[in-house]
Amino acid sequence: MRQNATRALPVGGYLPVRMRHWISIGLVAAGVLRSVHAASIPDVLQKVDPATGKASDTTTEFSVSGIVSARATLAGDVVLAFVQPPGGVGLPVVASKADAALLAPRNEVTLAGKLGDGPFGWAALKINSGSVTLQATNKAFGASEPRGVAFFKDASASEGRYVQLTNVTLAAGKFSGGTLQATGDGGEVTVRVSTATTGRDVPTAKVNVFGVPVKVDGKWELLAARILPVDGRTAQTLAAKHTCLTCHNPDTKMVGPSYRDIAARYKDDAEALPKVLSQIERGGTGRWGTVPMPPLGAKVPEADRKVLGEWILFYRWDAVLAD
Ligand code: HEC
């Protein structure tokens with residue numbers, strides 16, 4: 001309730017507005033109240049010098065609303081996220097792990113804090129403990145701009161925007177919880193991932209990595225929010241052909257659960273693929289609610305079912321990268 005302290009002033013009602021205003025200012029100046037300035041994200045970004053990345057205002061407490069596009073837990077359990085208006089440029093925010101539970105991609109949130117130096121030296125809004133509130137889940141935050149490896153030599157034109165690094169191969173092996181190299185088009189880009197990925201197998205297929213370009217030590221990297229296979233389009237076409245998309249959407253719940261939610265539930269389950277393939281073949285009910293899924297084994301060839309099952313489970317990276 002701290003942010004609403006000004007509004008909860010007991011001197012309201014019969015006092016003229018102007019007088020109430022001065023009383024509030026007096027109390028703020030006297031340190032009795034804290035004043036929070038409701039601002040739009042573009043307004044707050046105006047307080048950051050584009051040349052240096054430093055904040056010109058570190059004293060105002062801003063309250064902003066926006067949709068989370070990317071989030072990663074960094075070393076030391078600091079969480080870096082981007083909060084943006086739909087289709088717009090994101091404001092970097094940093095929070096402790098305890099305060100970051102609601103900072104999941106596609107959540108619309110309201111939060112408050114002051115600008116300060118973020119984990120990589122450039123300005124970020126440092127979130128007041130307890131100030132994050134959820135307005136809505138599953139909000140679309142705008143299309144991703146496809147970009148090749150070469151773009152990341154200088155990604156400043158897309159700073160803070162949600163982009164798609166297309167057609168890359170990730171350095172083989174296991175995630176080590178920080179960065180890894182993505183190779184494509186004869187070049188390389190550093191992809192920054194949540195420490196929660198540590199120890200997991202890196203996907204071996206060619207992938208598109210979605211996320212927000214960030215500058216670290218003078219070099220542009222991609223803060224990853226989603227990894228999908230490059231041949232996902234083939235799977236999507238199959239899903240449309242076999243009527244899956246009349247009941248399912250990758251991102252939002254329809255008659256059936258979203259593919260993102262299905263994959264998140266099975267992200268740590270070694271038996272995920274057989275479970276999902278069994279549901280596609282035989283149908284079922286009770287795992288997600290009371291609406292049954294019809295058996296589709298007779299209509300969908302086994303090879304297609306496998307492509308669909310693997311594609312759906314790829315959405316687990318959404319949950320893993322946002323852990
Ligand atoms: C008529 C609507 C409908 C169609 C068509 C449909 N589904 Fe489903 N699907 C559902 C419902 C409802 C559920 C949730 C069932 C439950 O609660 O167990 C579901 C659940 C699932 C699950 C989750 C399984 C699990 O183990 O949790 C997967 C995977 C899935 N569907 C894939 C597909 C694929 C692939 C297709 C197309 C080949 C498809 N669905 C077509 C309605 C549908």
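Which residues are the protein donors of the iron atom of the ligand?

1. In this predicted model, the protein donors are H248, through NE2, and M293, through SD, and these atoms lie 2.0 to 2.1 Å from the iron atom of the ligand. The site of the iron atom has six donor atoms with angles of 84 to 179 degrees among them, and its geometry is octahedral.

2. The two protein donors link distant parts of the chain, being 45 residues apart. H248 belongs to the loop between helix 4 (244-247) and helix 5 (259-265), whereas M293 belongs to the loop between helix 6 (272-282) and helix 7 (302-314).

3. H248 deserves a separate comment. Its relative accessible area is 10%, and H248 is therefore classed as buried, the cut-off being under 20%. Besides supplying NE2 to the iron atom, H248 has an N or O atom in its side chain that is 2.8 Å from a nitrogen atom of the ligand.

4. Two other side chains approach oxygen atoms of the ligand. For R287, a polar side-chain atom lies 2.2 Å from an oxygen atom of the ligand, and for Y266 the corresponding distance from a polar side-chain atom to an oxygen atom of the ligand is 2.8 Å.

5. The surroundings of the ligand comprise 28 residues, of which C244, C247, H248, R287 and M293 come nearest. By class, this shell is made up of 17 nonpolar, ten polar and one charged residues. At least two residues of the shell come from each of helix 4, helix 5, helix 6 and helix 7.

6. Turning to the backbone, a reviewer may wish to look at R106, a residue other than glycine whose phi is positive, near 80 degrees. R106 is placed in the loop between strand 4 (91-96) and strand 5 (108-117). With a relative accessible area of 13%, R106 falls under the 20% cut-off and so counts as buried.

7. N138 likewise is a residue other than glycine with a positive phi, in this case near 60 degrees. The place of N138 is in the loop between strand 7 (133-136) and strand 8 (145-147). Its relative accessible area is 27%, and N138 is therefore partly exposed, a class that lies between the cut-offs of 20% and 50%. As background to both backbone points, most residues other than glycine have a negative phi.

Conventions. Residues are numbered from 1 along each chain as its sequence is written. This is a predicted model: local features need pLDDT of at least 70, side-chain atom pairs count only at pLDDT 80 or more; totals for chains, interfaces and linings use all residues. Side-chain values use heavy atoms; hydrogens and water are left out. Donors are N, O and S atoms within 2.8 Å of the metal (3.2 Å for Na, K and Ca); water is not among the atoms, so sites may look incomplete. Four donors count as tetrahedral if all angles lie between 85 and 135 degrees; four count as square planar and six as octahedral if opposite donors are over 155 degrees apart and all others between 65 and 115; anything else is irregular. Helices (H or I, at least four residues) and strands (E, at least two) are DSSP runs, numbered from the N terminus. Buried means under 20% relative accessible area, exposed over 50%, partly exposed in between (1.4 Å probe, protein chains only). A residue is near a molecule or strand if one of its heavy atoms lies within 4 Å of it. A polar contact is a pair of N or O atoms within 3.5 Å; within protein, one must be able to donate a hydrogen and the other to accept it, and residues adjacent in sequence count only if both atoms are side-chain atoms. Ala, Val, Leu, Ile, Met, Phe, Trp, Tyr, Cys and Pro count as nonpolar, Asp, Glu, Lys and Arg as charged, and the others, Gly among them, as polar.
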